[in-house]
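The exercises below ask you to read strand pairing, burial and ring geometry from a model. Please work through each task before turning to its solution.

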Amino acid sequence: QVQLVESGGGSVQAGGSLRLSCAASRIQFSIQTMGWYRQAPGKQRELVATIDTGGTTNYADSAKGRFTISRDNAKNTVYLQMNSLKPEDTAVYYCYVHAWSGIRVYDYWGQGTQVTVSS
């Protein structure tokens with residue numbers, strides 16, 4: 001059973017920082033892209049940031065300049081450093097892993113971690 005264990009969510013005031021972590025285990029295929037998505041109440045899930053095996057990153061416009069995604073390939077772990085948080089960053093944040101078996105792709109999601117930013 002694949003596991004994506006997220007940690008680091010919580011409540012902070014606007015301007016504060018949080019660091020999310022997601023450790024992937026029991027994935028028998030080659031992990032390609034790792035990333036973070038978020039879903040605010042009443043809204044669709046949206047991309048926050050992704051990072052591939054070579055370290056190439058992709059950010060949503062809302063995250064650029066404030067969030068930094070990184071990964072430790074040896075530990076199959078992805079991180080999201082969030083600085084200068086705003087109330088509009090309040091959402092459930094989901095870890096995402098895209099893997100390749102050599103034949104087909106597999107997409108895995110974490111259970112989500114709540115981030116709440118108060119003004």
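## Exercises on strands, core and rings

Of the 10 residues of β9, 8 are buried, so this strand is largely enclosed by the rest of the structure. Here buried means under 20% relative accessible area, exposed over 50%, and partly exposed in between, with a 1.4 Å probe and protein chains only; strands (E, at least two residues) are DSSP runs numbered from the N terminus. The model is predicted, so that local features need pLDDT of at least 70 and side-chain atom pairs count only at pLDDT 80 or more, while totals for chains, interfaces and linings use all residues. Residues are numbered from 1 along each chain as its sequence is written, and side-chain values use heavy atoms, with hydrogens and water left out.

**Exercise 1.** Determine which strands pair with β9, and over how many bridges.

*Solution.* Two strands pair if DSSP finds at least two bridges between them.

- Step 1: β4 and β9 are antiparallel and share 8 bridges; within this pairing, Arg38 stands opposite Tyr93 of β9.
- Step 2: β9 and β10, the latter covering residues 105-109, are joined in the antiparallel sense by 5 bridges, and Val97 has Tyr108 in β10 as its bridge partner.
- Step 3: β9 and β10 form a hairpin with 4 residues between them, and Gly102 in the turn has a positive phi of about 100°.
- Step 4: β9 and β11 run antiparallel and are joined by 3 bridges, where Val92 is partnered by Gln114 in β11.

**Exercise 2.** Give the strand order of the open sheet of 4 strands, and identify its edges.

*Solution.*

- Step 1: The order is β1-β3-β8-β7, with antiparallel pairing.
- Step 2: β1 (3-7) and β7 (67-72) are the edge strands, each of which pairs on one side only.
- Step 3: From one strand to the next, the twist averages 15°, where axes are lines fitted to C-alpha atoms and angles run from 0 to 180 degrees between N-to-C directions.
- Step 4: Inside this sheet, β3 (residues 18-25) and β8 (residues 77-82) pair over 6 bridges, with Ala23 opposite Thr77 in β8.

**Exercise 3.** Describe the largest nonpolar core, beginning with the residues that touch the most other members.

*Solution.* A nonpolar core is a set of buried Ala, Val, Leu, Ile, Met, Phe, Trp, Tyr and Cys residues joined through side-chain atoms within 4.5 Å.

- Step 1: The core has 30 residues, of which Trp36, Leu80, Met82 and Tyr93 touch the most other members.
- Step 2: Two or more residues come from each of β3, β4 (30-39), β5 (46-51), β7, β8, β9 (91-100) and β11 (113-118), and β9 gives the most, with 5 residues.
- Step 3: Contact means heavy atoms within 4.5 Å; not counting residues up to four places away in sequence, the residues that Leu80 touches include Trp36, Val48, Phe67, Ile69 and Tyr93.

**Exercise 4.** Decide whether Ser21 and Asp89 are buried or exposed, and list what surrounds them.

*Solution.*

- Step 1: Ser21, found in strand β3, counts as buried at 17% relative accessibility.
- Step 2: Leaving aside neighbours within four places in sequence, Ser21 is in contact with Val5, Glu6, Ser7, Trp36, Val78 and Tyr79.
- Step 3: Asp89, in the loop between β8 and β9, counts as buried at 0% relative accessibility.
- Step 4: With the same exclusion of neighbours within four places, Asp89 is in contact with Arg38, Arg66, Phe67, Ser84, Val115 and Val117, and a polar atom of the Asp89 side chain lies 2.8 Å from the backbone nitrogen of Lys86.

**Exercise 5.** Classify the ring pairs that Tyr37 forms with Tyr96 and with Trp109.

*Solution.* Rings of Phe, Tyr and Trp (its six-membered ring) pair if their centres lie within 6.5 Å; planes under 30 degrees apart count as stacked, over 60 as edge-to-face and the rest as tilted.

- Step 1: By this rule the count comes to 5 aromatic pairs.
- Step 2: Tyr37 and Tyr96 are 5.6 Å apart centre to centre with 70° between the planes, an edge-to-face pair; Tyr37 lies in β4 and Tyr96 in β9, so the pair ties together parts 59 residues apart in sequence.
- Step 3: The ring centres of Tyr37 and Trp109 are 5.1 Å apart and the planes are at 70°, so this pair is edge-to-face; it links Tyr37 in β4 with Trp109 in β10, 72 residues apart.
- Step 4: Tyr96 counts as buried at 12% relative accessibility, whereas Trp109, at 38%, counts as partly exposed.

Methods. A polar contact is a pair of N or O atoms within 3.5 Å; within protein, one must be able to donate a hydrogen and the other to accept it, and residues adjacent in sequence count only if both atoms are side-chain atoms.
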